[in-house]
Amino acid sequence: MAIIKAPASRCDLLLLQKPFNSHSIRNGSSSLSLATINTTKPLSLNINNNTRKLLTACCSLLDDGISGSAVQALEIDPVLAVKKKAMEISPGLKGTSIYLVGITSTLKTSLGKLLADSLQYYFFDSDNLVAEAAGGEAAAKQFLDTDKAGFRASETEVLRQLSSMGRLVVSAGDGAVQSSTNLSFLRHGISIWVDVPLDIVAKEIVENGAQLFGTEISPSASHSEVLSQLTKIYEEFQGGYATADATISLQKVAGLLGYDDIEAVSTENMGLEVLTEIEKLIRVKKMMEEAARPF
């Protein structure tokens with residue numbers, strides 16, 4: 001089994017370019033063996049007859065004249081509406097990977113998994129890959145404390161290898177926007193800034209004891225202290241987030257839905273808006289390509 005070493009790094013990244021090696025990486029609650037993955041072929045869905053009938057009925061209803069914002073389609077069925085939109089844009093997407101940037105949150109992770117499932121893609125969290133390559137979160141933290149340059153090089157190596165693959169949805173850590181080199185790897189796919197209010201992220205950290213990878217934010221700190229630290233991180237990386245191809249704001253989606261409480265916005269609401277934005281990007285790219293063709 002080959003091992004690719006990150007430059008100027010003390011840890012080995014057990015993640016190969018096409019074809020994948022046999023190293024297993026935890027993907028959600030299951031263990032995903034990369035030896036069995038072929039990203040050049042579409043995945044098959046195990047859909048039973050009842051599910052297929054429901055999907056057909058849902059698609060028929062959507063095709064019968066529901067208009068307006070994309071989020072309105074969710075009135076029929078949240079998950080099936082997202083899957084229908086994914087089916088519509090998949091041919092134009094042609095296996096292009098999707099990178100989600102922005103401060104890590106529960107919504108960002110859930111959104112990535114939903115998109116991967118709907119598009120028949122694979123989901124990876126770049127921070128998790130860096131941590132696994134270092135030997136776990138504790139080892140990764142020690143690595144960051146003792147050799148920051150080497151740690152950043154490992155983040156870059158993870159992005160480099162992910163960018164050589166297709167059919168991925170990647171929840172990218174803040175390291176993805178810390179250098180022009182990392183940002184260039186994101187250009188191999190479509191990047192989306194998932195803009196979640198810092199107050200909500202701070203609430204998650206305090207109430208759930210979550211720890212943001214690669215930061216010194218303590219879950220035991222008060223809400224105001226965590227919010228202050230998040231604000232500093234946001235200000236540092238905002239410029240990198242803004243280079244994304246599109247921005248999906250939780251607050252904006254809440255406004256489209258008419259929600260006073262932005263926490264009422266579901267992952268499916270956000271997922272449908274992401275796919276709608278990707279559809280627009282595909283359309284613009286196609287128009288530019290056609291305009292460049294000689295008469």
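**Exercise 1. Helix 3 against helix 11**

In this predicted model, the axes of helix 3 and helix 11 (residues 267-292) come within 9 Å and cross at roughly 60°. Work out how the pair should be classed, and which residues make the contact.

*Solution.* Start with the angle. Angles of 65 to 115 degrees count as roughly perpendicular, under 35 as roughly parallel and over 145 as roughly antiparallel, with the rest oblique. Helix 3 and helix 11 are therefore oblique to each other. Next comes the handedness: this crossing of helix 3 and helix 11 is right-handed. Now list the partners. Helix 3 brings Leu-107, Ser-110, Leu-111, Leu-114, Leu-115 and Leu-119, and these meet Thr-267, Glu-268, Met-270, Gly-271, Val-274 and Leu-275 of helix 11. Sorted by character, the residues of this contact are eight nonpolar, three polar and one charged.

**Exercise 2. Helix 2 against helix 3**

Repeat the analysis for helix 2 and helix 3, whose axes lie 8 Å apart at an angle of about 70°.

*Solution.* Take the angle first, as before. The 65 to 115 degree range applies here, so helix 2 and helix 3 are roughly perpendicular to each other. Helix 2 passes helix 3 in a right-handed crossing. On the helix 2 side, the contact residues are Val-82, Lys-83, Ala-86, Ile-89 and Leu-93, and they meet Leu-114, Asp-117, Ser-118 and Leu-119 in helix 3. The tally for this contact is six nonpolar, one polar and two charged. As a last step, look back at helix 3: Leu-114 and Leu-119 are listed in the contact with helix 2, and they are also listed in the contact with helix 11.

**Exercise 3. Two positive phi values**

Lys-94 has a phi near 55°, and Arg-167 has one of about 60°. Find where each residue sits and decide whether it is buried or exposed.

*Solution.* A reminder helps here: most residues other than glycine have a negative phi. Lys-94 sits in the loop between helix 2 (78-93) and strand 5 (98-101). Its relative accessibility is 72%, so Lys-94 counts as exposed. Arg-167 belongs to the loop between helix 6 (148-163) and strand 7 (168-171). With a relative accessibility of 12%, Arg-167 counts as buried.

**Exercise 4. Helix 8 and its two ends**

Describe helix 8 (residues 198-208) from the loop before it to the residue after it, naming its buried residues and the helices they pack against.

*Solution.* Begin upstream. Pro-197 lies in the loop between strand 8 (190-195) and helix 8. Its relative accessible area is 22%, which means that Pro-197 is partly exposed. Beyond its neighbours within four places in sequence, Pro-197 touches Leu-250 and Ile-262. Pro-197 and Gln-251 are 7.6 Å apart, C-alpha to C-alpha, although 54 residues separate them in sequence. Then move into the helix, where Leu-198, Ile-200, Val-201, Ala-202, Glu-204 and Ile-205 are buried. The buried residues of helix 8 pack against helix 3 (106-119), helix 9 (223-241) and helix 10 (250-257). Finish downstream at Gly-209, which follows helix 8 and has a positive phi near 70°.

**Exercise 5. The whole chain**

Set these details in the context of the protein chain: how many helices and strands does its secondary structure come to?

*Solution.* The chain has eleven helices and nine strands. Of its 295 residues, 47% are buried. Among contacts with a separation of 6 or more, 70% join residues 24 or more positions apart. The chain exposes about 14,900 Å², and carbon and sulfur atoms supply 51% of that area.

Technical notes:
Residues numbered from 1 in each chain as written. Predicted model: local features only at pLDDT ≥ 70, side-chain atom pairs only at ≥ 80, totals over all residues. Heavy atoms only, no water. Buried < 20%, exposed > 50% of the residue type's maximum accessible area, 1.4 Å probe, protein only. Helix = DSSP H or I, 4+ residues; strand = E, 2+ residues; numbered from the N terminus. Contact = heavy atoms within 4.5 Å. Axes fitted to C-alpha atoms, helices over the stretch in contact; angles between N-to-C directions. Left-handed = near helix turned anticlockwise from the far one by under 90°. Nonpolar A, V, L, I, M, F, W, Y, C, P; charged D, E, K, R; others polar. Areas by Shrake-Rupley, 256 points an atom, 1.4 Å probe, with all protein chains shown as cover.
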